[in-house]
Amino acid sequence: MSRSLPPALAAYQWPPSNAAIAARTGLDARAIIRFDGNVPPAPPASARPAAIARALADVNEYDRGRYEPLRAAIAARHDVAMDQVVLGAGSDELIVLCARVFAENGTVATVPAVSYSMYRYAALMAGATMVDDPRDADLVFVCRPNNPTGELPDVPVVRGQLVIDEAYADYAGVDALDRVGDGAVVLRTFSKAFGLAGARVGYAVADAERCAVLTSRQAPLSVSSLSAALALAGLASPPDVSAQIAERARLADALAALGLVATPSYTNFLYVPMEDPAALVERLLPYGVVLRAFAGGLRISVRDEVDDDVLLGALSHELADGEAPVAVTRHRRATAETRLSVRLRPWGQGRVLVSTGEGFYDHMLQQLAFHGGMDLRLEGVGDPETGEHHVVEDMMRTFGEALDEALGDRRGLARYGEARVPMDEALAHAVVDLSGRATATLAIDPDPGMAAHAFESLAQTARITLHVTASGRNAHHVAEAAFKAVGRALAQALARDGAMIRSTKGSL
Ligand code: PMP
């Protein structure tokens, strides 16, 4: 006789995947922008193949040191002893662990009352009951700053065990680590400011006694060695959240101008109290914009200017009769050597940012895009160990692939463009044809190293014919004149010109 299955619990509900949203809306899954995850828009520069190479070489082994270097680095960060740190597969694992350890079949409360749903699920898993008054509970989760409201609650005085969840503390600039001395458990995660949500690493900081109890009731080594390596690399260059905080203010102002007034936020998201937020969330899905509705309001993750402008464009179109937002082509390229993401509007305003760590060629591509009148954001990292070659090649290939995608069937475009651009003693001449055939005829003298190869990579991936002649005394001047000339020639070729595909063959 087999024993009967226990009933499934009401478990944590994930929002729909990009694939599911794409299937519902008919959009390309790559066009979907998640404003519902409270994570940064891109991985940190430290998350690159070299960071996990050592761990990969030993992946057949258990880490018998239990990730001591990572625990030591965390302990050093918070000025505590190493036996005061417990690692977990995301702070979610530690939330569940705390519920089991401190409130099995007992009572759990949250502060504020409306807070992160995982505390309730954890209580359920521990057979515990939720109670309203934190003073009565065996275990009190304080979400500080709070998800979903973004507020910073006071830490209450309670009789039960305090667990202070500081998932977003990096954005608040304050923490409650001093409460560890009074017996509190503080939870942190690498999923938010550190940009490693997929790696699933969190940790608890508590006194050694509580840490020993927590560890004894946890599965051994629940964090993977690859994830531990990513977290350790992240700690070596901790995140600078200042750009996110500035963007949070810009987004809040722009939302307020549309009548969506957010409460003050100590996090990387904004909360707009409103009735029936689900209806608005639904209306925004066809724009590829995914927000999260709660019972009393709308939660919006802060991403970056390019993504947030797509959201603002969609909201303005829906709520304020604004013009329909102009599509941004989003494209990613990930190889063993590089990880690059590009967002491109070929007909833009010259808002450009190229950041791959290859400073000179970042600057060159910026010149091309700026003089081409494009909006371009190309970001990522390569392995510096392999030199500039891969990064420059992949940067141009990623840009070229995005351009090809953005041009579609190339209907209604002038097709040809030509420009001559000097830079001091150097002179460059570029001729472009959006032919659909990839050819590069190049004479760049002197070439600072990668200019000709960069143009070849662009011609191949964008499927264009490119002729460039550039010469002078200074290689930097020669390359810069050439990249600008290609940009200007592209701007001409991209000019709107009727409604036809400019080829007697009928296709490009
Ligand atoms: N705590 C809070 C308040 C959160 O919002 C989240 C993520 N949504 C977590 C914990 C869990 O983070 P993770 O498991 O990825 O560390």
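Where is the place of Pro446? In this predicted model, Pro446 sits in the loop between strand 19 (439-445) and helix 14 (451-462). The peptide bond leading into this residue, from Asp445 to Pro446, is cis. Its omega is near 0°.

A cis peptide bond also runs from Val111 to Pro112, with omega near -5°. Pro112 belongs to the loop between strand 3 and helix 5. Both flanking elements can be followed further. Strand 3 covers residues 107-111. Helix 5 spans residues 118-125.

Strand 3 is part of an open sheet of seven strands. The strand order is 2-8-7-6-5-3-4, and the pairing is mixed. Strand 2 (85-88) and strand 4 (129-130) form the edges, each pairing on one side only. Strand 4 is joined to strand 3 by two bridges, in the parallel sense. Within this pair, Thr107 has Thr129 of strand 4 as its bridge partner.

Helix 5 contains Met125. This residue is partly exposed, at a relative accessible area of 43%. Patch residues must have over 30% relative accessible area. Met125 therefore passes that cut-off, with its 43%. Together with Leu9 and Leu124, Met125 forms a nonpolar surface patch. The accessible area of the three together is about 270 Å².

A further antiparallel pairing links strand 9 and strand 12, with five bridges between them. Strand 9 comprises residues 269-273. Four of its five residues are buried, which leaves the strand mostly covered. One of the bridge pairs involves Phe269, whose partner in strand 12 is Ser301.

Strand 12 (297-301) also helps to cover helix 10. Helix 10 runs over residues 277-284. Its residues Pro277, Leu280, Val281 and Leu284 are buried. They lie on the same side of helix 10, because they cover an arc of only 105° around the axis. The cover over the buried residues of helix 10 includes strand 10 (289-290), strand 11 (292-294) and helix 11 (305-319), as well as strand 12.

Backbone torsions single out two residues other than glycine. Asn38 has a positive phi, near 55°. It lies in the loop between strand 1 (33-34) and helix 2 (49-57). Asn38 has a relative accessible area of 1% and therefore counts as buried, the limit being under 20%. Tyr67 likewise has a positive phi, near 55°. Its place is the loop between helix 2 and helix 3 (68-78). Tyr67 is buried too, with a relative accessible area of 8%.

The loop between strand 1 and helix 2 also holds Val39. Here the relative accessibility is 26%, so Val39 counts as partly exposed. Beyond its neighbours within four places in sequence, Val39 is in contact with Ser191, Lys192, Ala197 and Asn268. Val39 and Arg303 are 264 residues apart in sequence. In space, their C-alpha atoms are 7.9 Å apart.

Notes
Residues numbered from 1 in each chain as written. Predicted model: local features only at pLDDT ≥ 70, side-chain atom pairs only at ≥ 80, totals over all residues. Heavy atoms only, no water. Patch = residues over 30% accessible without salt bridge, like charges linked within 9 Å, V, L, I, M, F, W, Y side chains within 5 Å. Areas by Shrake-Rupley, 256 points an atom, 1.4 Å probe, with all protein chains shown as cover. Salt bridge = Lys/Arg side-chain N within 4 Å of Asp/Glu carboxyl O. Buried < 20%, exposed > 50% of the residue type's maximum accessible area, 1.4 Å probe, protein only. Arc of directions from axis to C-beta. Contact = heavy atoms within 4.5 Å. Pairing = 2+ DSSP bridges.
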